[in-house]
Amino acid sequence: MIAETVCSAVSAAGLGIAVVTAYRKRYLAAVRIAAYSLVPIGLVMTGVVGWLADTALSPTAWAGFGVLGAAWALFSATRAVERRRGGTRGTRAERKAAARGAQRDAVAPAASAPSLSPATRPAAGPAGAPRSTGSGDDFSDIEAILKKHGI
């Protein structure tokens, strides 16, 4: 009974604010406020508020929400583990067959440089920029960029 009264008062106040907003010639905002203010009275009229009031005082309903929360947590945990592993794993034989197939399709180390014609090769960088050789000089490009910007 109290919940229905509160919802009715909230709806009436919202409609009042919508009227004031429409008076200020902000019709789109007034219609939006009116729509939001009609939601509580609509919930009272459909019986949702009464159901919620009965549910809030029912220990069985709270236990049901707890069970649903536990099920959701378990589902989320299994999805997170599945994503971390990279999808469904399959059987051991399937994993071994996939590993053997990946080894056969691997590129030889000597073929790591692309075989592009001189016309299709990317242009060389600026002449003053040092090139990384891949050894212990991995951060030289980053240092050059930072020095260029005065950092």
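How many salt bridges does the structure hold? Just one, taking a salt bridge as a side-chain nitrogen of Lys or Arg within 4 Å of a carboxyl oxygen of Asp or Glu. The model is a predicted one, so to speak of local features a pLDDT of at least 70 is needed, side-chain atom pairs count only at pLDDT 80 or more, and totals for chains, interfaces and linings use all residues. Residues are numbered from 1 along each chain as its sequence is written, and side-chain values rest on heavy atoms, with hydrogens and water left out.

As for the overall layout, the chain has six helices and zero strands, and from the N terminus on its elements read α-α-α-α-α-α. Helices (H or I, at least four residues) and strands (E, at least two) are DSSP runs, numbered from the N terminus. Of the 151 residues in the chain, 9% are buried; here buried means under 20% relative accessible area, exposed means over 50%, and partly exposed lies in between (1.4 Å probe, protein chains only). The chain exposes about 12800 Å², and 67% of that comes from carbon and sulfur atoms. These accessible areas come from the Shrake-Rupley method with a 1.4 Å probe, and for residues only the protein chains shown count as cover. Among contacts (heavy atoms within 4.5 Å) between residues at least 6 apart in sequence, 29% join residues at least 24 apart.

The salt bridge pairs glutamate 82 with arginine 79, whose closest N and O atoms sit 3.2 Å apart. Both residues belong to helix H4 (residues 59-85), three residues apart, or about one turn of the helix. Glutamate 82 is partly exposed at 28% relative accessible area, and arginine 79 also counts as partly exposed, at 34%. The helix itself has 27 residues and should span 39 Å at 1.5 Å a residue, which agrees with the 39 Å between its end C-alpha atoms; the expected span is 1.5 Å times one less than the number of residues. Right after H4 comes glycine 86, with a positive phi near 95 degrees.

H4 also contributes to a nonpolar surface patch. Val39, Leu43, Val48, Trp51, Leu52, Trp62, Phe65 and Leu68 make up this patch, which together offers about 810 Å² of accessible area. Helix H2 (27-46), helix H3 (48-56) and H4 are the elements that give two or more residues to it. Patches take residues with over 30% relative accessible area and no salt bridge, joining like charges within 9 Å and nonpolar side chains (Val, Leu, Ile, Met, Phe, Trp, Tyr) within 5 Å. One of the patch residues, valine 39, lies in helix H2 and is partly exposed, at 45% relative accessibility.

Toward the N terminus, threonine 21 is found in helix H1 and is buried, with a relative accessible area of 11%. Leaving aside neighbours within four places in sequence, threonine 21 touches Arg26, Ala29, Ala30 and Ile33. Lysine 25 sits in the loop between helix H1 (2-23) and H2. Phi of lysine 25 is positive, near 65 degrees, in a residue other than glycine, and lysine 25 is exposed at 62% relative accessibility. Valine 6, another H1 residue, is partly exposed, with a relative accessible area of 47%. The C-alpha atoms of valine 6 and proline 40 are 8.9 Å apart, although 34 residues separate the two along the chain.
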